[in-house]
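This report describes a single protein chain from its computed geometry. It covers overall composition, backbone exceptions, one residue's environment and surface charge.

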Amino acid sequence: MRPIQLVLALVVCAVTYMLIIERDRVLLFAKSLPLRGPDGGVAGQANIEVAGSDDVTATVDSGDGSADLVSVVVKRSVAVDVEKTLVLRGRTEAYRHVDVKSETSGRVISEPLRKGSLVQEGQLLCELDVGSRDATLLEARARLIDAENRTNVSAQLAQRGFGSETAAIADSAALEAARSAVIRAEKEIERLRVFAPFPGLLETDTAELGTLLQPGSSCAIVVSLDPINLVGFADEVQVEQLVVGSEAHARLASGREVSGTLSFVSRSADHGARTFRVEVTAPNPDLAIRDGATAEIVISLKDDQGHLLPQSALTLDDRGRLGVRTVDENGLARFMPVSIIRDTLDGVWLEGLPENADVIIIGQEFVSDGRPVAITYQAAES
């Protein structure tokens with residue numbers, strides 16, 4: 001690169017930096033420069049205003065002490081009630097998901113039900129071979145009859161003085177043990193039949209015919225999808241805004257929309273992500289919403305006062321705070337920090353402004369705090 005080209009490039013970079021980054025200082029410096037008239041005398045002070053990206057206009061203070069005004073467009077905004085929402089990314093989750101297991105051992109003698117089948121509460125899922133349990137029950141019942149007879153006889157003898165009270169008490173205890181044995185044998189036979197604990201869908205086939213099940217072996221997995229849970233995770237700031245019972249909506253990856261109610265907000269954070277589990281319960285009568293689908297959850301929060309303004313009205317101050325420039329009662333520009341409630345097609349809803357505010361929507365980038373402005377009010381929308 002030739003030296004002259006390098007010098008020109010550096011000059012262009014320096015000028016661009018001064019006009020963009022140090023614009024306010026350049027304007028103040030230019031304003032303080034005296035202008036010379038044709039006779040060599042001081043004619044006034046220059047005041048340079050940037051009118052746009054391509055145009056630069058200059059006005060001259062005649063020396064009478066009046067300040068130059070920057071023309072701005074102002075919107076008279078009145079705060080209204082705005083529905084605040086919180087958007088969380090999450091997933092769908094089955095309301096119930098249970099692995100139904102055997103409580104005893106035995107060989108499956110029932111035909112299997114296939115996964116995807118609808119089952120009702122109390123419907124038989126697996127039946128096991130009774131084996132020798134019938135004989136055990138008959139033996140327990142026979143021992144019960146014998147114990148009852150012994151107890152009756154010993155009680156009568158004790159009343160007549162021909163038997164001891166100790167023997168009567170021992171026979172009574174044996175009777176209770178016999179009754180317990182009958183109950184255990186009957187319960188063991190009941191456990192041979194495994195039933196669906198609630199209405200739902202089979203996520204797996206039931207145990208195949210001839211399979212040997214042990215206590216704790218899986219018979220089938222049953223899921224309940226109506227209602228469906230929408231699960232998201234909120235951070236430490238967001239969770240403070242949530243109230244159980246609030247309305248909520250969700251959009252699934254398929255485009256389907258569903259409405260529900262905020263049913264649970266965790267009190268304990270995930271130790272890794274430092275987020276709190278949030279659950280929304282929504283109806284799913286046709287079972288069309290599946291377990292594990294991606295969902296965008298929108299939860300309604302407490303209404304607040306807000307202003308609807310064009311997104312272009314937003315600006316940053318010297319400290320990097322987001323805000324807008326307003327005009328006070330003296331006609332001076334003032335920066336006011338704001339926070340965004342939500343974006344819409346018509347503009348952005350902001351909070352942090354007073355109930356009535358004159359907000360600069362055009363020209364806010366060309367004024368600073370305390371600068372007088374020439375106001376043109378935006379025409380009211382019909």
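Does Arg-274 count as buried, partly exposed or exposed, and why? Arg-274 counts as partly exposed because its relative accessibility is 43%, where buried means under 20% relative accessible area, exposed over 50%, and partly exposed in between (1.4 Å probe, protein chains only).

The model is predicted, so local features need pLDDT of at least 70 and side-chain atom pairs count only at pLDDT 80 or more, whereas totals for chains, interfaces and linings use all residues. Residues are numbered from 1 along each chain as its sequence is written, and side-chain values use heavy atoms, with hydrogens and water left out.

**Overall composition**

The chain contains 4 helices and 25 strands; these are DSSP runs numbered from the N terminus, helices being H or I of at least four residues and strands E of at least two. Of the 382 residues in the chain, 34% are buried. About 23,400 Å² is exposed by the chain, and carbon and sulfur atoms supply 53% of this area, as computed by the Shrake-Rupley method with a 1.4 Å probe. Among contacts (heavy atoms within 4.5 Å) between residues at least 6 apart in sequence, 71% join residues at least 24 apart.

**Backbone exceptions**

Most residues other than glycine have a negative phi, and most peptide bonds are trans. The table lists two non-glycine residues with positive phi.

| Residue | Phi | Location | Relative accessibility |
|---|---|---|---|
| Arg-274 | near 60 degrees | loop between strand 15 (257-265) and strand 16 (276-282) | 43%, partly exposed |
| Leu-287 | about 60 degrees | loop between strand 16 and strand 17 (294-300) | 29%, partly exposed |

A cis peptide bond, with omega about 0 degrees, joins Asp-226 and Pro-227. Pro-227 belongs to strand 13 (residues 218-234).

**The environment of Lys-75**

Lys-75 is part of strand 4 (residues 70-78). Apart from neighbours within four places in sequence, its contacts include Leu-308, Leu-309, Val-359 and Gln-378. The C-alpha atoms of Lys-75 and Ala-313 are 10.0 Å apart, although 238 residues separate them along the chain.

**Surface charge**

Asp-81, Glu-83, Glu-247 and Asp-303 form a negative surface patch. Such a patch joins like charges within 9 Å, using residues with over 30% relative accessible area and no salt bridge, the latter being a side-chain nitrogen of Lys or Arg within 4 Å of a carboxyl oxygen of Asp or Glu. Asp-81 lies in strand 5 (residues 80-82) and counts as exposed because its relative accessibility is 60%.

Technical notes: Patch = residues over 30% accessible without salt bridge, like charges linked within 9 Å, V, L, I, M, F, W, Y side chains within 5 Å. Lys, Arg positive; Asp, Glu negative; His and termini not counted. Charge placed at Lys NZ, Arg CZ, Asp CG, Glu CD.
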